[in-house]
Amino acid sequence: MAQWNRLTDLPAPYTQQLHELYDKDALPMDVRHYLSAWLEKQEWERAARDRDLAMALFQVLLENLDIQHSRFVQEESFLMQHNIKRYKQNFQRYQEEPCVLAKTILWFLEKEKDILQSADLVEQVEFLHVEEAMETRSQQDLERKMAGLRNDVQCMEHTMFCLEEQQDEFDFKYQTYKMEAVVDEAVKKDQNKVFQLLINRLNECKKSTLSDLNKLLDKTDHLVDILVKKELVEWQRRQQKACIGAPDNVFLDQLEKGFTCVAVCLFQVREFLGKLEELVGKVSYENDPVKAQKPTMQKRTDTLLKDLLKSSFVVETQPSMPQGKGPLVLRTNVQFSVKTRLLVKFPELNHSMKVNVSMDREAPQIKGYRRFNVLGTKSKALNMAESQNGGMVADFRHLTLKEQKSGGGGKGVSDISLSVTEELHIIYFDTVFEMKGVSVELQASSIPVVIISNSSQQQSAWASVLWFNLLSVDTKDVVFFANSPAATWPQFGEMLSWQFLSATKRGLDEDQLEMIAHRLFGKQQKYDTCKVAWSKFSKENTPDTFWVWFDGILVMVKTYLEDLWRDGLIMGFVNKGKEKSLLKKKQRGTFLLRFSESINGGITFSWVEITITGEPEVKTVQPFTKVDLSQIPFHEIIRNFQILEAENIPENPLVYLYPNIPKDEAFRKYYSEKSGSDSPYKKYIKTKLMFVSKENTLGARSPKSSDMAQGEGLEPMNALCGEAAEQNGSPPSPLETYHTDPMLSESFEAIDDELLRYVNNPNIFDDDILQDEPGLPVFGLPGFNCLPPQSCGSIFQ
């Protein structure tokens, strides 16, 4: 493809560089365009050094300009005739220095190549990222269409100018003829023929102009369809998914460019139509095509403009509370923020458009359905000051909701029953666009929000937000939960992964998702066809629903284990059976970290031991919860965990993190550098913190725990421990499960109350109390008072 043709096909950023390159008169763009083929074939680099060749090319250049001038004379293009003539005169200054002209043209051609190379480099990078490339190509295609539309509008401006000049010429000649009052019939007849020819040419010019305007409107119509029915709809869907954790791009800058470009063009088309109306008022004749076609074109233009403007007002940032779990969950009497944006950016409208907030204007007739009033600053002006990128926004930061007094049911009230957290409410925003004789009422609405009155409802409310935005594309469907659809496993699993990804920057892998699918559906060959109902997600087994279990894990990881999770040290979602099959193939001391299946927000570890007979045996410690992790970091628990073997020698059984990473290599960067009296976890006693468990106290286990493999028969033991205890109501108290270790000195009992007071409030002790005391022995301490004793003394095989 010729160099010039490639340049004119580039996306908008590069064509803008091209326009800037030809902003001066050294080489006019018209000359570059009309002589492109000839210019690209010449040896300008040699001509820059060879005066004879440069002079020959100079002469041919002038001849080519004469040819173009003759062509425009035949086409009766008055403006281009003038321009080409002027360009030729400007080139005459190179008569004595043709090599300078050759260098100038060579410089322009080299700069064009730089632009092409930049564009080619971008294309190569995009090719390496296929998905990004597809999106970029879509954006580039849109940019090319917008650039083409702008170019067509500029051409139409020139056409309108030519039409006006042609009509003024006809009008001048005709008015002069009437003033002369010619008497000679033969002369009059000849002049009438001339005027008839002129009026015919004017009529053809009007028809051509109207045809070009219709083509321009066709292109505009196509772009409005792309922007409103495709790009905006896709952005709204991406925004829904981003609200529930998806890593989707929800920036509006590209859409704003598109909406603004098309709106500007449509306003210019309205000006063109106004100019045609003005021309008809000056010179009119029978069967004037403007009179016949202009009303229809005016209506079409106004309709396109209004459709574009009505879609251009959006909610850029959905309603959210500062301390909320996520957007779209609001609490009565608690401030929330929300931001709207006008995608048609006209600086002259800055601060002139007022946005008003309202609530539930079309609330459903459902028994018990609550109504709310919006309080706070409910009216703000769209402005560019509150936007980081200069967009036209209205940022509401201090709104609150107050429930209206219930008026009870009424006629036509539905029997549908929805819980408080299944009620969906919509916040509306209204404004009026007024500019250049166009007035359009605009309305935007939020994605449905869930309104709670107590923080205890937040977890359930977020479940509703997740479900709605995962499955519904109709953001006006406030009765969605009256008949909620089921989610396919691929949809559901992806949504669960988004929760971890947004909270910790690391989602769920296939193995972790498979464990969750196994929990939901049992063992299946493939889970793709399985479906999860709303009730199974958030209503069955209340209060310990699937979502409560999953969210408890998510909160624990985000609060206490984020670094370990992000670094891939926690296997997490793995059931007992899979855990056993993985560990029994590994060497002694291999361990893994997994989430409890029966305790909400619990994490445990299991390791492999070798029995006397040489058989591998998997042991598990009771899950640690936020009560434990809030006192001692999990990596310190792993670092210091010990059991007492038969010989009563303390030993840490955790040696290799699955599959075979040495424990200290995996966790060293998290360890505290301080030790002894400087340790942040043990200041009162200058010994290492150890979690002591006695192997000879291990009895058999209860088979009731869901953390154990199905079908595993375990012997009963005197006291329920760990997750076996979980299945028998609340965990046993310390007095029920703690047995004094024979290794501990009697002095432990004497200082236990004082130690308990110190850990809860160290400030009440003097500094000297932290000094070494000769009477204190060295021993392993089962978790201060910060871990329930059963966390240290309960081990399952």
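Does Arg331 count as buried, exposed or partly exposed, and at what relative accessibility? At 29% relative accessibility, Arg331 counts as partly exposed, and the legends below, which describe close-up views of a predicted model, return to this residue after a first look at the whole chain.

**View 1. The protein chain as a whole, in a predicted model.** The secondary structure of the protein chain comes to 25 helices and 21 strands. Of its 797 residues, 47% are buried. Among contacts in the chain with a separation of 6 or more, 71% are between residues 24 or more positions apart.

**View 2. Arg331 in strand β2 and the residues it touches.** Arg331 has its place in strand β2 and is partly exposed, with a relative accessibility of 29%. Its C-alpha atom is separated by 5.5 Å from that of Ile451, although the two residues are 120 residues apart along the chain. Once residues up to four places away in sequence are set aside, Arg331 touches Met321 as well as Ile452, Ser453, Asn454 and Ser455.

**View 3. Asn333, a residue with positive phi in the loop after β2.** Asn333 lies in the loop between β2 (329-331) and β3 (336-342), and its phi is positive, at about 65°, although Asn333 is not a glycine. Most residues other than glycine have a negative phi. The residue is exposed, with a relative accessible area of 59%.

**View 4. Asn287, a residue with positive phi in the loop between α11 and α12.** Here, too, the residue is not a glycine, and the phi of Asn287 is positive, at about 60°. The loop that holds Asn287 runs between α11 (253-282) and α12 (289-311). With a relative accessible area of 71%, Asn287 is exposed, the cut-off for that term being over 50%.

**View 5. The packing of helices α6 and α7.** Helix α6 (residues 51-74) packs against helix α7 (residues 78-91) at an angle of about 165°, and their axes are 9 Å apart. That angle makes α6 roughly antiparallel to α7, since angles over 145 degrees are counted in this way. The crossing of the two helices is left-handed. On the α6 side the contact is made by Phe58, Leu61, Leu62, Leu65, Asp66, His69, Phe72 and Val73, while α7 contributes Met80, Gln81, Ile84, Lys85, Lys88 and Phe91.

**View 6. The packing of helices α10 and α13.** Helix α10 (residues 185-243) and helix α13 (residues 458-471) have their axes 9 Å apart and pack at an angle of about 150°, which makes α10 roughly antiparallel to α13. The crossing of α10 and α13 is left-handed. The contact involves Arg237, Gln240 and Cys243 of α10, together with Trp462, Phe468, Asn469, Leu470 and Leu471 of α13.

**View 7. Ala486 in the loop between α13 and β11.** Ala486 lies in the loop that leads from α13 to β11 (487-488) and is partly exposed, with a relative accessible area of 36%. The C-alpha atoms of Ala486 and Cys530 are separated by 9.8 Å, and the two residues are 44 residues apart along the chain. Leaving aside neighbours within four places in sequence, Ala486 is in contact with Trp467, Leu471, Lys531, Val532 and Ala533.

**View 8. The aromatic pair Phe521 and Tyr527, and two charges over rings.** The count of aromatic pairs, taken with ring centres within 6.5 Å, comes to 42. In the pair formed by Phe521 and Tyr527, the ring centres are 6.2 Å apart and the planes are at 35°, so the pair is tilted. Both Phe521 and Tyr527 are buried. Elsewhere, Lys436 lies over the face of Phe267, at 5.7 Å from the ring centre, and the charged end of Arg506 sits over the ring of Trp565, 4.9 Å from its centre.

**View 9. Two cis peptide bonds, each with a proline.** Most peptide bonds are trans. A cis peptide bond, with omega of about 5°, joins Thr542 and Pro543, and Pro543 lies in the loop between α16 (534-538) and α17 (546-566). Tyr658 and Pro659 are also joined by a cis peptide bond, with omega of about 10°, and Pro659 lies in the loop between β18 (656-657) and β19 (661-662).

Conventions: Residues numbered from 1 in each chain as written. Predicted model: local features only at pLDDT ≥ 70, side-chain atom pairs only at ≥ 80, totals over all residues. Heavy atoms only, no water. Phe/Tyr/Trp six-rings, centres within 6.5 Å; stacked < 30°, edge-to-face > 60°. Buried < 20%, exposed > 50% of the residue type's maximum accessible area, 1.4 Å probe, protein only. Lys NZ or Arg CZ within 6 Å of the ring centre and 35° of its normal. Axes fitted to C-alpha atoms, helices over the stretch in contact; angles between N-to-C directions. Helix = DSSP H or I, 4+ residues; strand = E, 2+ residues; numbered from the N terminus. Parallel < 35°, antiparallel > 145°, perpendicular 65-115°, else oblique. Left-handed = near helix turned anticlockwise from the far one by under 90°. Contact = heavy atoms within 4.5 Å.
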